[in-house]
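Got the viewer open? Here's a short tour, with something to select at each stop.

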Amino acid sequence: MIENMEVFFMSELGNIRIADDVVKTIAAKAAVDVEGVYKLAGGVVDEVSKMLGKKRPTNGVKVEVGEVECSIEVYLVVKYGYKIPEVAEEVQKAILEAVSSLSGLKVVEVNVYVQNVKMEDIEETTEEFED
């Protein structure tokens with residue numbers, strides 16, 4: 001996977017460079033704004049970064065960027081009670097729209113990996129019965 005690369009555009013006025021982290025940030029913001037998404041789920045590297053006190057808002061997002069197109073993988077946790085396929089599809093649409101419109105890149109695929117389901121209400125209810 002290509003990381004820390006830049007997208008390069010030429011205009012009449014000069015060059016425009018967009019770093020991979022910009023694409024990751026756009027995708028992360030679009031994903032967490034979808035109703036039913038609890039949070040992004042980072043992998044092992046992200047967990048180590050968190051332990052070291054390094055906060056990365058793009059945890060759970062991976063991108064491969066070419067000259068004019070990109071592919072994106074997003075790992076997330078869905079809130080309990082939401083239909084997982086519908087949430088995942090809305091995430092795909094939101095990321096496609098946001099990255100395409102803000103970066104000018106063609107998004108060829110958005111793969112969504114649901115890593116967990118957050119069951120806030122059920123955990124609170126269970127605790128009440130245990131007392």
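Is K93 buried, exposed or partly exposed? Select K93 and take a look: its relative accessibility is 46%, so K93 counts as partly exposed. Before going on, keep in mind that this is a predicted model.

**Stop 1: the partners of K93**

Leave K93 selected and add E89. These two form a salt bridge, with the closest N and O atoms 3.7 Å apart. Both sit in helix α3, and because they are four residues apart there, about one helical turn separates them. E89 comes out as partly exposed too, since its relative accessibility is 41%.

Now add E90. Its side chain also meets that of K93 in a salt bridge, again listed as 3.7 Å from N to O. Here the spacing in helix α3 is three residues, so K93 and E90 are likewise about one helical turn apart. With 40% relative accessibility, E90 counts as partly exposed.

Show the three together: E89, E90 and K93 are linked in a network of salt bridges. Why would such side chains get together? Side chains of opposite charge can pair when their charged atoms come close.

**Stop 2: another salt bridge**

Next, select K29 and D33. Their side chains meet in a salt bridge, 2.9 Å from N to O. How many salt bridges are there by this rule? The count comes to three.

**Stop 3: where two helices cross**

Select residues 20–32, which is helix α1, and residues 84–103, which is helix α3. Their axes come within 8 Å and cross at roughly 140 degrees. That angle makes α1 oblique to α3. Turn the view to look at the crossing: it is right-handed.

Which residues make the contact? On the α1 side, pick V23, I26, A27, A30 and A31. On the α3 side, pick V91, A94, I95, A98, V99 and L102. Colour them by type if you like: the contact between α1 and α3 has 11 nonpolar residues, with no polar and no charged ones.

**Stop 4: a serine in a strand**

Finally, select residues 69–79. This is strand β5, and S71 is found in it. Is S71 buried or exposed? S71 counts as buried because its relative accessibility is 16%, and the cut-off for buried is under 20%.

To see what surrounds S71, leave aside its neighbours within four places in sequence. The residues in contact with S71 are then K62, V63, E64, V108 and E109. Show them as sticks around S71, and that's the last stop.

Definitions and conventions:
Residues are numbered from 1 along each chain as its sequence is written. This is a predicted model: local features need pLDDT of at least 70, side-chain atom pairs count only at pLDDT 80 or more; totals for chains, interfaces and linings use all residues. Side-chain values use heavy atoms; hydrogens and water are left out. Axes are lines fitted to C-alpha atoms, for helices over the stretch in contact, and angles run from 0 to 180 degrees between N-to-C directions. Angles under 35 degrees count as roughly parallel, over 145 as roughly antiparallel, 65 to 115 as roughly perpendicular and the rest as oblique. A crossing is left-handed if the near helix is turned anticlockwise from the far one by less than a right angle, and right-handed if clockwise. Contact means heavy atoms within 4.5 Å. Ala, Val, Leu, Ile, Met, Phe, Trp, Tyr, Cys and Pro count as nonpolar, Asp, Glu, Lys and Arg as charged, and the others, Gly among them, as polar. Buried means under 20% relative accessible area, exposed over 50%, partly exposed in between (1.4 Å probe, protein chains only). A salt bridge is a side-chain nitrogen of Lys or Arg within 4 Å of a carboxyl oxygen of Asp or Glu.
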